[in-house]
Amino acid sequence: MAEADWNDVTYIGHRPGKASQLRSKQAVNSALRTGVDVETNKKFAGGQNKQMSANKNTAKLDRETEELHHEHVPLDVAKLIQQGRQAKGWTQKELATKINEKQQVVNDYEGGKAIPNQQVMGKLERVLAIKLRGRDKGQPLAKK
């Protein structure tokens, strides 16, 4: 039998590190120290949740000559929402919970800053029992 040297170490079935371990800062720095070639690539918008086709209609918008903007809730509708809420004695948060929306949504609608959503307008009409759309705005909502 051969003499065994206690200082020699034999690895059986040694596996290289996983890809995530090989990309860690510690692994890259140790590779650089030992002189191994390291390739690095910088990806455009890497690690962000961004779509690559962000501006689909940029050419169409460039050809437009008029100023484009979103329609906001008219001030008369904003006042109707505020008056209807105050007539019921609710806060903005209470109204928001009744229509299953955030309090900021009600705040934006009452301030006239929100882009009107027909579903939210319908919820507000039902809860406040006031017509907010159409010709007869401000009239009581007719029950079916």
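Let's start in the middle of things, with the largest nonpolar core. It has 18 residues, and the ones touching the most other members are I81, L95, Y109, L124 and L132. Where do residues of this core come from? Helix 4, which is 75–88, helix 5 at 92–98, helix 6 at 103–111 and helix 7 at 118–128 each supply at least two of them. Helix 7 gives the most, with five residues. As a general point, nonpolar side chains in soluble globular proteins tend to be buried together. And please keep in mind, as you look at the picture, that this is a predicted model.

Now let's zoom in on one member of that core, L95. Which residues is L95 in contact with, once we leave aside its neighbours within four places in sequence? The list is I81, R85, W90, V106, L124, V127 and L128. You can find I81 and L124 on that list, and both of them are also among the residues that touch the most other core members.

R85 is on the list too, so let's visit R85 next. R85 sits in helix 4. Is R85 buried or exposed? R85 counts as buried because its relative accessibility is 9%, and the cut-off for buried is under 20%. Not counting residues up to four places away in sequence, R85 touches W90, T91, Q92, L95, E110 and L128. So if you click on R85 in the viewer, you can look for both L95 and E110 around this residue.

Right beside L95 in the numbering we have E94, which belongs to helix 5. E94 counts as partly exposed, because its relative accessibility is 36%. Between the C-alpha atoms of E94 and V106 there are 9.9 Å, and the two residues are twelve apart in sequence.

Let's step back to the whole chain for a moment. How many helices and strands does the chain have? There are seven helices and zero strands. Reading along the sequence, the pattern is α-α-α-α-α-α-α. Of the 144 residues in the chain, 19% are buried. The chain exposes about 12800 Å², and carbon and sulfur atoms supply 49% of that area. Here is one more figure for the chain: if we take contacts between residues at least 6 apart in sequence, 47% of them join residues at least 24 apart.

Next stop, the largest pocket. In general, rolling a probe the size of a water molecule over the atoms shows where empty space is left. How much space lies in the largest pocket? The answer is about 180 Å³. The residues that line this pocket are L22, R23, A27, V28, A31, V36, D37, V38 and E39. Helix 2, residues 25–34, provides the largest share of the lining, with three residues. By type, the lining has six nonpolar residues, three charged ones and no polar ones.

While we are in this part of the chain, have a look at T40. T40 lies in the loop between helix 2 and helix 3, where helix 3 covers 58–63. T40 is exposed because its relative accessible area is 66%. V28, one of the pocket-lining residues, is twelve residues from T40 along the chain, and their C-alpha atoms are separated by 9.7 Å.

Finally, two residues with a backbone detail to look up. N100 has a phi near 60°, which is a positive value in a residue other than glycine. N100 is in the loop between helix 5 and helix 6, and N100 counts as exposed because its relative accessibility is 66%. What is phi of A129 near? For A129, phi is near 60°, again a positive value in a residue other than glycine. A129 is placed in the segment after helix 7. A129 counts as partly exposed because its relative accessibility is 30%.

Methods: Residues are numbered from 1 along each chain as its sequence is written. This is a predicted model: local features need pLDDT of at least 70, side-chain atom pairs count only at pLDDT 80 or more; totals for chains, interfaces and linings use all residues. Side-chain values use heavy atoms; hydrogens and water are left out. A nonpolar core is a set of buried Ala, Val, Leu, Ile, Met, Phe, Trp, Tyr and Cys residues joined through side-chain atoms within 4.5 Å. Buried means under 20% relative accessible area, exposed over 50%, partly exposed in between (1.4 Å probe, protein chains only). Helices (H or I, at least four residues) and strands (E, at least two) are DSSP runs, numbered from the N terminus. Contact means heavy atoms within 4.5 Å. Accessible areas come from the Shrake-Rupley method with a 1.4 Å probe; for residues, only the protein chains shown count as cover. On a 1 Å grid over the protein atoms alone, a cavity is a set of points where a 1.4 Å probe fits but cannot get out, and a pocket is an open set with protein on both sides within 12 Å along at least five of seven lines; lining residues have an atom within 4 Å of a point. Grid points are joined across faces, edges and corners, and a volume is the space filled by probe spheres set on the points. Ala, Val, Leu, Ile, Met, Phe, Trp, Tyr, Cys and Pro count as nonpolar, Asp, Glu, Lys and Arg as charged, and the others, Gly among them, as polar.
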